[in-house]
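Please open the model in your viewer and keep the selection panel at hand. The tour below moves from one selection to the next and says what is to be found at each stop.

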Amino acid sequence: MNISEDVIRSVVAQVLQEVRSQPSRSPVGSAPPSLHQFQGRHGIFSSVDEAVSAARIAFEQLRDRSIEDRKRVIEIIRHIAQRDAVELGTMEMNETKIGRLEHKIEKLKVLAERTPGVEFLRTECFSGDHGLAVIEHAPFGVIGAITPVTHSLPTITGNAVSMIAGGNTVVVNPHPSGRLVAAEGVRRYNQAIFKEIGIDNLICVIESPTLETANQLFAHRKVAMICVTGGPAVAKAALLSGKRAVVAGPGNPPVVVDETADLDRAARCIIQGASFDNNLLCIAEKEVFVVESVFEAMMAAMERAGAVRLSTAEIEKLSSKALALVGEGDHKHWAPTKELLGQDAAKLAAAAGRQVDPKTELLFGETPESHPFVTVEQMMPFVPFVRCSDVDHAIRLAKQYEHGFRHTSIIHSSNVRNMTKMAREMDTTLFVKNGPCMASLGLGGEGYLSFSIAGPTGEGVTSPLTFTRERRCSLIDDLWVLGGKNS
Ligand code: NAD
């Protein structure tokens, strides 16, 4: 045997071993996956490998279709989410047991209706003496997505619209406590899309998601990109995954109210934002810093606008049931308890020993700045108000308790210098002036909507363009029709 045969033999052995160790390939000797292999599954999979393979086949089919077909797919998703919003929203409420039914329904409708689609894609062009360069936005392929319990199907719906508009397909590892509604929504979307355009599994979901399946998705060689929406643990895991990641992480949005604010307007805005879906939104007002000179007037405005003020003793009683110390050693920190996270204001009031009208939207009260309700992303409809000596003090505390997430911050003021100062200091992805938090997503303000706001990785409010790669096509020395000849 000569050396080159030896080398060939060892390379072949190595390749065979690699092939055998690749879970996502067909078994050696079997046929490659056919276009029909996963047809009829309508996106529901127990195995990550099968889900990714199905999504890859769907991607290859979508790649051969027109932009008009992508539009049709998105129209189907929009139609079903809106048509079935009451049924699916109720399912999500019953499964997750957090938030408010009317807002579960509204979120699904609004994500379906307002998430931008293919119209958001654009082509850039440079022309000059040397011809033409056209920049287009191409898909990545299969995207692995992780979604939160706070908005299970709404996040999947918005992600699906953005990602498919960009020409991708997606495999979702949903939060285990929102997995049933995730699977049901995805099944309905795929079934209708298949019937209309003949492609199945554009959106796939892992029916029994675990941390292990999330990690399999992160590591899968056919997953081109990941997009996670969730708290600190998953944000960190995604950043460490080694894949191109779009990370929509946690926040703890502070609000500053200065002495020039329209206090009644500020109160209405804080109630609207902080009470929506029982404060589950990552952008929702979580703590308020008010300058001393208008502190009592602001508290009175909150009561006039319908919020219920708790006393110091009631806040302490509520805290003992709503917040708990978790973790060990250096990692010990306060966290919301499962019993009260996302529950109605009336239930929180009962925990504080107070009977309130069941229609009450928000509880609030004065706390010191160091109170755990200030430090923690509480995700429940009680908002602490902290007295500050002046606007600089308020901005300093806002910065401190936003914890450097650079997610969302809000000011109520009519002083543009204060607005500018806070915007510079906070450096948050979203900064709202004189509105409720949702105005920053185009809901009562300008701009477009997404429920995946990627702060840590810098994409901001995600859009179809977030899920595309730039490709440049250059034509040299021709089709520049305005200029003279090159000498
Ligand atoms: P969570 O972090 O508990 O779970 C989010 C998802 O990540 C779930 O699917 C969960 O199963 C998964 N997960 C958790 N730890 C993981 C790990 N180590 N590896 C892989 N996957 C992991 O969050 P939640 O309670 O479902 O949602 C609320 C959180 O999400 C809040 O912190 C909120 O601010 C944040 N959020 C952010 C945005 C945004 O756009 N930035 C939007 C919605 C929610």
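How are H4 and H7 oriented to each other, roughly parallel or roughly antiparallel? Before selecting anything, bear in mind that this is a predicted model. Then select residues 85-96, which form helix H4, together with residues 179-197, which form helix H7, and look at the place where their axes come within 8 Å and cross at roughly 160°. Angles over 145 degrees count as roughly antiparallel, and H4 and H7 are therefore roughly antiparallel to each other. If you turn the view so that one of these helices lies in front of the other, the crossing of H4 and H7 is right-handed.

Next, select the ligand and the 28 residues that surround it, the closest of which are Val-149, Gly-231, Gly-249, Glu-377 and Ile-453. Colouring this shell by class will show 15 nonpolar, 12 polar and 1 charged residues. Helix H8, at 211-219, and helix H9, at 232-239, each supply at least two residues of the shell, and H9 gives the most, with 3 residues.

Now display the polar atoms around the ligand. A backbone N or O atom of Thr-147 lies 2.8 Å from a ligand oxygen atom, while a polar backbone atom of His-175 is 3.2 Å from an oxygen atom of the ligand. At His-407, by contrast, look to the side chain, where a polar atom lies 3.2 Å from a nitrogen atom of the ligand. Finally, show the ligand surface: of the 840 Å² of accessible area that the ligand has on its own, the protein covers 86%.

Key: Residues are numbered from 1 along each chain as its sequence is written. This is a predicted model: local features need pLDDT of at least 70, side-chain atom pairs count only at pLDDT 80 or more; totals for chains, interfaces and linings use all residues. Side-chain values use heavy atoms; hydrogens and water are left out. A residue is near a molecule or strand if one of its heavy atoms lies within 4 Å of it. A polar contact is a pair of N or O atoms within 3.5 Å; within protein, one must be able to donate a hydrogen and the other to accept it, and residues adjacent in sequence count only if both atoms are side-chain atoms. Accessible areas come from the Shrake-Rupley method with a 1.4 Å probe; for residues, only the protein chains shown count as cover. Helices (H or I, at least four residues) and strands (E, at least two) are DSSP runs, numbered from the N terminus. Ala, Val, Leu, Ile, Met, Phe, Trp, Tyr, Cys and Pro count as nonpolar, Asp, Glu, Lys and Arg as charged, and the others, Gly among them, as polar. Axes are lines fitted to C-alpha atoms, for helices over the stretch in contact, and angles run from 0 to 180 degrees between N-to-C directions. Angles under 35 degrees count as roughly parallel, over 145 as roughly antiparallel, 65 to 115 as roughly perpendicular and the rest as oblique. A crossing is left-handed if the near helix is turned anticlockwise from the far one by less than a right angle, and right-handed if clockwise.
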